[in-house]
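The following exercises are to be worked with the sequence and the coordinates at hand. Each task is followed by a solution in steps.

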Amino acid sequence: MVVDYFIFKNRIKIVDFNSILQQVDVTVIDRLYEIDSDMSMVCSMSRDFRRLFMYNLIKQTCDYILNDKCKEKILMFVNINTLSTFMSRYVDDNSKLDAFISKCLRDVCSKLPVNMHISDDFTFNQFMNLNNDDGDKISIMNHISYSMCNKRVVSFEKIKKFIKNNGLTFLSETYFEDIRTKNLLFA
């Protein structure tokens with residue numbers, strides 16, 4: 001899996017989350033096709049589909065963070081307006097799918113020990129192509145620096161409640177503890 005990134009001056013590695021999201025999309029579609037060849041679970045946005053998507057989103061994101069060998073803090077950069085997935089082929093109303101994915105991203109960002117910048121304005125490539133003295137880029141970089149320095153402490157109680165509410169009971173405490181430890185290690 002190739003993910004575009006660059007190292008920010010404050011020892012922050014910014015990663016294009018869309019490539020991780022594409023991996024999640026392919027994995028979910030493959031798994032759903034094994035279970036339900038007519039893909040009605042995606043079309044109806046069933047609870048099983050939502051659970052499978054959330055599990056793969058969390059797993060791919062956390063695995064990327066844990067397996068990355070960099071010595072910088074990792075921040076996922078995602079633009080919620082340009083989400084393109086294979087799943088959208090199986091859904092009648094793309095706005096429901098986009099709203100669901102956006103909610104999942106916001107949940108991951110707020111409840112798990114994962115640093116994420118959700119942008120409404122710029123894609124990762126547009127952000128990368130901005131000049132370093134451009135006001136928009138400076139504003140985004142300042143926001144990223146501020147949010148990374150003032151990142152809230154995520155307790156496992158909050159994670160346990162989130163996991164229980166979403167039926168993801170097979171994710172363990174040590175999995176998230178390793179991510180939190182890696183984030184704290186490079187603080």
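A residue is called buried when its relative accessible area is under 20%, exposed when it is over 50%, and partly exposed in between. The structure is a predicted model.

**Exercise 1. Classify Tyr-64 as buried or exposed, and locate it in the fold.**

Step 1. Tyr-64 is part of helix H3.

Step 2. The relative accessibility of Tyr-64 is 12%, and therefore this residue counts as buried, the limit being under 20%.

Step 3. Ile-74 follows 10 residues away from Tyr-64 in sequence, and their C-alpha atoms are 9.6 Å apart in space.

**Exercise 2. Describe the overall fold: how many helices and strands does the protein have, and in which pattern do they follow along the sequence?**

Step 1. Counting the elements gives 8 helices and 4 strands.

Step 2. Along the sequence, the pattern reads β-β-α-α-α-β-α-β-α-α-α-α.

Step 3. Of the 187 residues in the protein, 49% are buried.

Step 4. Consider next the contacts between residues at least 6 apart in sequence: 73% of these join residues at least 24 apart.

Step 5. The protein has an accessible surface of about 10,000 Å², and carbon and sulfur atoms account for 48% of this area.

**Exercise 3. Determine which residues form the salt bridges within helices H1, H3 and H4, and state how accessible each partner is.**

Step 1. A salt bridge requires a side-chain nitrogen of Lys or Arg within 4 Å of a carboxyl oxygen of Asp or Glu. By this rule the protein has 5 salt bridges, and three of them are treated here, beginning with helix H1.

Step 2. In helix H1 (residues 17-35), Glu-34 and Arg-31 lie 3 residues apart, about one turn of the helix. Their side chains form a salt bridge with an N to O distance of 2.9 Å. Glu-34 has a relative accessible area of 61% and is therefore exposed, whereas Arg-31, at 40%, is partly exposed.

Step 3. In helix H3, Asp-48 and Arg-51 are separated by about one helical turn because they are 3 residues apart. The closest N and O atoms of this salt bridge are 3.8 Å apart, which is within the 4 Å limit. Asp-48 is partly exposed at 45% relative accessibility, and Arg-51 is likewise partly exposed, at 25%.

Step 4. In helix H4, Lys-103 and Asp-107 are 4 residues apart, about one turn of the helix. The N to O distance in their salt bridge is 2.8 Å. Lys-103 is partly exposed with a relative accessible area of 48%, but Asp-107 is buried at 10%.

**Exercise 4. Characterise the second largest pocket: which residues line it, and which helices supply at least two of them?**

Step 1. Rolling a probe the size of a water molecule over the atoms reveals where empty space remains.

Step 2. The second largest pocket holds about 190 Å³ of space.

Step 3. Its lining consists of Arg-47, Arg-50, Arg-51, Met-54, Phe-100, Lys-103, Cys-104, Asp-107, Asn-165 and Asn-166.

Step 4. Helix H3 (47-67) and helix H4 (94-111) each contribute at least two residues to this lining.

Step 5. Sorted by class, the lining comprises 3 nonpolar, 2 polar and 5 charged residues.

Step 6. Return now to the salt bridges of Exercise 3. Arg-51, the partner of Asp-48, is among the lining residues. Lys-103 and Asp-107, which meet in a salt bridge, also line the second largest pocket.

Note on methods: Residues numbered from 1 in each chain as written. Predicted model: local features only at pLDDT ≥ 70, side-chain atom pairs only at ≥ 80, totals over all residues. Heavy atoms only, no water. 1 Å grid on protein atoms, 1.4 Å probe; cavity = no way out; pocket = protein on both sides within 12 Å on 5 of 7 lines; lining within 4 Å. Points joined across faces, edges and corners; volume = space filled by probe spheres on them. Nonpolar A, V, L, I, M, F, W, Y, C, P; charged D, E, K, R; others polar. Buried < 20%, exposed > 50% of the residue type's maximum accessible area, 1.4 Å probe, protein only. Contact = heavy atoms within 4.5 Å. Areas by Shrake-Rupley, 256 points an atom, 1.4 Å probe, with all protein chains shown as cover.
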